[in-house]
Amino acid sequence: MRQPRSGRGFRTLWAATAVSNVGDGVVLAAGPLLVASLTDDPALIAGAAFAQQLPWLLFSLLSGAWVDRLDKRRLVVRVDLLRGLILALLTVSVATGTVSVPLIYLAFFLLGTAETLADTAAISMIPAVVPQDRLPTANARLIGTHILANQLVGPPLGAWLFVAAAAYPFGLNAVTFVASAALLATLPRHVGRPAEATERRPLRQEIGEGVRWLWHHRVLRMLAV
């Protein structure tokens, strides 16, 4: 498969997505392990992953509609820096032995909420850096990278790092978010700017239209469900 004729813009977005999703995958494995080091309650251990995924259930529709109104490049840079800060604080708490289960849950819930914004905005930036005829290839590569990094590469790495030192996976993830923000900050300023709109409709109306469109698209509906 040939490289999309997208130049530096897509390669930068692709690299930032790969780096940040490896970090996400690292913490996906290390989070429950960290909770397991504090408690032997299976429900509390499982809750670590649940706290990170719950924002997708609660906020994904709202995040999708909100992202359309914002400068996507600037949003992802700021969200990645915020995620890096949250993980840096978590790393310090783990290293100093002051971490607790409620603190882990709070950190993971905030990270998951930020992820709904960052991942949605990153996907939405593709049309700004890829020609129209290469959009399917670029989308496939970005989604494939997300799956590979988040679910296949990151978790084994996270488990291995946790065995070496409990703070290592979270510190690495903090670094990956800072690196992702630095990469995306190099994109041209016009990338990710919202389309000019003469009139903004209420978020509820835009979300409703999106859900109705999805529900009437049989293939996408099945994938979503």
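This tour moves through a predicted model, from the whole chain to its cores, its cavity and one helix residue.

**The whole chain**

Begin with the full protein in a cartoon view. Nine helices and zero strands are present, so that reading along the sequence gives α-α-α-α-α-α-α-α-α. Of the 225 residues, 42% count as buried. Among the contacts with a separation of 6 or more, 83% join residues 24 or more positions apart.

**Confidence**

Next, colour the chain by pLDDT. The average is 85, and 89% of the residues score at least 70. Helix H3 has the highest confidence, at a mean of 95, whereas helix H8 (residues 203–215) has the lowest, at 70. Now select residues 1–5, where pLDDT stays under 50. The model has 16 contacts beyond four places in sequence for this segment. Where pLDDT is low, the predicted coordinates should not be read in detail.

**The nonpolar cores**

Select Leu-13, Ile-126, Val-130 and Leu-184 and display their side chains. These residues have the most contacts inside the largest nonpolar core, which has 24 residues. To see the elements that give two or more residues to this core, select helices H1 (7–36), H3 (72–96), H4 (101–124), H5 (126–129), H6 (135–164) and H7 (168–185). Helix H4 gives the most, with five residues. Apart from this core lies another, of 21 residues. Leu-90, Val-101, Phe-162 and Ala-174 are among its members and may be selected next.

**The cavity**

How many cavities of 30 Å³ or more does the structure hold? There is one, and about 40 Å³ of space lies in it. To locate this cavity, select its lining residues: Asp-24, Val-27, Gln-52, Arg-83, Leu-87, Leu-111, Glu-115, Asn-173 and Phe-177. Helices H1, H3, H4 and H7 are the elements that give two or more residues to the lining. Colouring by class shows four nonpolar, two polar and three charged residues around the cavity.

**Thr-120**

Remain with helix H4 and select Thr-120, which is found in this helix. Is Thr-120 buried or exposed? Thr-120 is buried, because its relative accessible area is 18% and the cut-off for burial is under 20%. Finally, display the residues around Thr-120. Leaving aside residues up to four places away in sequence, Thr-120 touches Trp-56, Gly-64, Val-67 and Glu-115. Glu-115 has already appeared on this tour, in the lining of the largest cavity.

Note on methods: Residues are numbered from 1 along each chain as its sequence is written. This is a predicted model: local features need pLDDT of at least 70, side-chain atom pairs count only at pLDDT 80 or more; totals for chains, interfaces and linings use all residues. Side-chain values use heavy atoms; hydrogens and water are left out. A nonpolar core is a set of buried Ala, Val, Leu, Ile, Met, Phe, Trp, Tyr and Cys residues joined through side-chain atoms within 4.5 Å. Buried means under 20% relative accessible area, exposed over 50%, partly exposed in between (1.4 Å probe, protein chains only). Helices (H or I, at least four residues) and strands (E, at least two) are DSSP runs, numbered from the N terminus. On a 1 Å grid over the protein atoms alone, a cavity is a set of points where a 1.4 Å probe fits but cannot get out, and a pocket is an open set with protein on both sides within 12 Å along at least five of seven lines; lining residues have an atom within 4 Å of a point. Grid points are joined across faces, edges and corners, and a volume is the space filled by probe spheres set on the points. Ala, Val, Leu, Ile, Met, Phe, Trp, Tyr, Cys and Pro count as nonpolar, Asp, Glu, Lys and Arg as charged, and the others, Gly among them, as polar. pLDDT is the predictor's confidence in each residue, from 0 to 100. Contact means heavy atoms within 4.5 Å.
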